[in-house]
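Here's a quick tour of one helix and of the empty space in a protein model. Have the viewer open as you read.

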Amino acid sequence: LLVQFLKRAEYSEHEALKLLGDRVTVRTFGGERRIGAPATDEDRKLAREGLAFLETALASGTYDLVVADEIVVAAHIGLLLEEEILALLDVRPPSVELVLTGRYAWEDIMERADLGTEMKESRHYFAKGVPARRGIEK
């Protein structure tokens with residue numbers, strides 16, 4: 001199960017996941033928000049819907065692997081509370097692998113995680129004006 005926060009359109013990952021057929025379920029919970037724009041009531045509503053869906057999906061035990069894509073960023077910009085995300089770790093059945101993605105992971109989540117990875121950009125072609133490329137970034 002891939003639950004995406006802050007995203008609404010189809011991205012390149014959706015095209016790749018279609019190749020797996022019904023083996024992967026994808027749900028998106030994002031509106032018209034743009035990077036750097038202030039959060040709106042619609043953004044908050046969609047994030048809350050995503051969190052509720054995620055809680056139900058985790059508790060169901062239906063999925064072996066659940067990815068909460070950009071959920072950490074959703075907390076960082078104030079759409080969700082850090083405590084709510086930490087609570088997901090408590091409702092997750094032991095047989096379910098839960099992956100939380102996004103920048104700005106806070107200390108408590110990193111301490112509770114079984115595995116933590118921090119990626120840092122050292123150089124990016126966007127800075128040189130190269131737009132997002134189909135199949136890579138979009």
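## The buried side of α2

Keep in mind that this is a predicted model. In helix α2, the buried residues are D43, L46, A47, G50, L51, L54, A57 and L58. Look down the axis of α2 and these buried residues stay within an arc of 140°, so they line one face of the helix. That fits a general rule: an α-helix has 3.6 residues a turn, so residues three or four places apart point the same way.

What does this buried set pack against? The partners are the strands β1 (2-5), β2 (26-29), β3 (65-69) and β4 (97-100), plus the helices α3 (71-76) and α4 (82-91). Over on the other side of α2, D41, T56 and A59 are exposed.

## Length and end of α2

α2 covers residues 41-60, and at 1.5 Å a residue its 20 residues should span 28 Å; the end C-alpha atoms sit 29 Å apart, which agrees. Just after the helix comes G61, with a positive phi of about 70°.

## Empty space

There is 1 cavity of 30 Å³ or more. The largest cavity has a volume of about 60 Å³, and 10 residues line it, with L6, F29, G30, D43 and L79 nearest its centre. α2 gives the most to this lining, with 3 residues. By class, the lining of the largest cavity splits into 6 nonpolar, 2 polar and 2 charged residues.

As for pockets, the second largest holds about 160 Å³ of space. Its lining includes L1, L2, L17, R23 and Y63, and by class has 6 nonpolar, 2 polar and 2 charged residues.

Terms used: Residues are numbered from 1 along each chain as its sequence is written. This is a predicted model: local features need pLDDT of at least 70, side-chain atom pairs count only at pLDDT 80 or more; totals for chains, interfaces and linings use all residues. Side-chain values use heavy atoms; hydrogens and water are left out. Helices (H or I, at least four residues) and strands (E, at least two) are DSSP runs, numbered from the N terminus. The expected span of a helix is 1.5 Å times one less than its number of residues. Buried means under 20% relative accessible area, exposed over 50%, partly exposed in between (1.4 Å probe, protein chains only). The arc is that of the directions from the helix axis to the C-beta atoms. Contact means heavy atoms within 4.5 Å. On a 1 Å grid over the protein atoms alone, a cavity is a set of points where a 1.4 Å probe fits but cannot get out, and a pocket is an open set with protein on both sides within 12 Å along at least five of seven lines; lining residues have an atom within 4 Å of a point. Grid points are joined across faces, edges and corners, and a volume is the space filled by probe spheres set on the points. Ala, Val, Leu, Ile, Met, Phe, Trp, Tyr, Cys and Pro count as nonpolar, Asp, Glu, Lys and Arg as charged, and the others, Gly among them, as polar.
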